[in-house]
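Reader: I'd like a close look at one part of this model, the loop that joins the opening pair of helices. Could you walk me through that stretch and then set it against the rest of the chain?

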Amino acid sequence: MLPSLRLFQLISPSLPVGAFTYSQGLEWAIEAGWVNTAAELQDWLRDVLQHSVATLELPVLARLYHACASADAEQLDYWSTYLYASRETAELRAEERQRGKALAVLLPALQVDIPASYAAALQRTQLAGMALAAHRWQIPLDALCSGYLWSWLENSVMAGVKLVPLGQTQGQQLLLSLSEILPALQQQALQTPDADVAGCTPALAIASAQHETQYTRLFRS
């Protein structure tokens, strides 16, 4: 049971990495009128899940996990750099680093020591820190990926609930509906060959770039 409890801790919204402060371009998409309803929010999040989270982030998370399991600092550095380089805007790159640094500060306090050869990778992306913690806490890869998908979806839906705005019931309905596609996306992600690890979400990139100069905003990205 203990690995399951540690997974809950690792994906919890209370984990002090600031996940709740990011919308990944959604705030500008709503400001621009691209997303106005629960149905449009569902379409937006489904597209990001299908064309970024499941094709880029989750395959990279799996590779980082395997790198930690084999104590391969070179692969850990390679895939953390790859993910960082795949972020198209200054905001998205800043988010990647800020969340990575926050988790890297937290992990030693949770009795997860960080080898010196891993330090740069963990400073680059939160996924490296999650992979290291999951390996040390004996969380299976499948469980880690399921937890990451859920945490991403929950954070994104809650951002939409605040911004559109929507009611809490609509938010829960979105979580219920979109969570149904997560198992298939996870299976797809874990079978992705190295050459196909990539994201393709141009609308998100445009929204993120525009958000950098948005006049009023609640979120950091």
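Author: What follows starts with the overall fold, moves into that loop, and then visits a few other spots in the chain.

Keep in mind that this is a predicted model. The chain has 11 helices and zero strands, so far as secondary structure goes. Written out along the sequence, that gives the pattern α-α-α-α-α-α-α-α-α-α-α. The radius of gyration is 17 Å, close to the 17 Å that the globule rule gives for 221 residues, so the chain is as compact as a globular protein of that length. Along the principal axes, the C-alpha atoms fill a box of roughly 45 × 35 × 35 Å. Of the 221 residues, 50% count as buried. Sequence-distant pairs matter for the contact count too: taking contacts with a separation of 6 or more, 76% are between residues 24 or more positions apart.

Now the loop itself. The helices on either side of it are α1 (2-11) and α2 (26-31), and F20 lies in the loop between them. T21 has its place in that loop, and Q24 lies there as well.

Take F20 to begin with. This phenylalanine is exposed, with a relative accessible area of 52%, and the cut-off for that word is over 50%. Being exposed doesn't leave F20 without partners: setting aside neighbours within four places in sequence, F20 is in contact with N155 and F219. As for V112, the C-alpha atoms of F20 and V112 are 23 Å apart in space, and the two residues are 92 apart in sequence.

T21 is buried, with a relative accessible area of 16%. Not counting residues up to four places away in sequence, T21 touches F219, R220 and S221. F219 therefore turns up twice, in contact with F20 and with T21, where contact means heavy atoms within 4.5 Å.

Then there's Q24, which has a positive phi of about 55° although it is not a glycine. Why mention that? Most residues other than glycine have a negative phi. Q24 also counts as buried, at 16% relative accessibility.

There's another glutamine to put beside Q24. Q138 is found in the loop between α7 (126-136) and α8, and its phi is near 60°, again a positive value in a residue other than glycine. Is Q138 buried or exposed? Q138 is exposed, with a relative accessible area of 64%, whereas Q24 counts as buried.

Further along there's a backbone detail of another kind. The peptide bond from V164 to P165 is cis, with omega near -5°. P165 is found in the loop between α8 (141-163) and α9 (168-179). For background, most peptide bonds are trans.

For a look inside a helix, try L103, which has its place in α5 (residues 90-106). L103 counts as buried at 1% relative accessibility. Leaving aside neighbours within four places in sequence, L103 is in contact with L15, V17, Q126, G129 and M130. The C-alpha atoms of L103 and P16 are separated by 7.6 Å, with their positions 87 residues apart along the chain.

On to the cysteines. How many disulfides does a search of the whole structure find? The search finds zero. The sulfur of C68 is 13 Å from the closest cysteine sulfur, in C145, and that's too far for a bond; a disulfide would need the two sulfur atoms within 2.5 Å. Both cysteines are out of the way of the probe: C68 counts as buried at 4% relative accessibility, and C145 counts as buried at 0%.

Last, the surface and the charges. The chain exposes about 10200 Å², and carbon and sulfur atoms supply 55% of that. There are 13 positive and 20 negative side chains, and the centres of the two sets lie 7 Å apart.

Back at your loop, then, here's the picture to keep: F20 is exposed, T21 is buried, and Q24 is buried with a positive phi. F20 is in contact with N155 and F219, while T21 touches F219, R220 and S221.

Definitions and conventions: Residues numbered from 1 in each chain as written. Predicted model: local features only at pLDDT ≥ 70, side-chain atom pairs only at ≥ 80, totals over all residues. Heavy atoms only, no water. Buried < 20%, exposed > 50% of the residue type's maximum accessible area, 1.4 Å probe, protein only. Helix = DSSP H or I, 4+ residues; strand = E, 2+ residues; numbered from the N terminus. Rg over C-alpha atoms; globule rule 2.2 N^0.38 Å. Areas by Shrake-Rupley, 256 points an atom, 1.4 Å probe, with all protein chains shown as cover. Lys, Arg positive; Asp, Glu negative; His and termini not counted. Charge placed at Lys NZ, Arg CZ, Asp CG, Glu CD.
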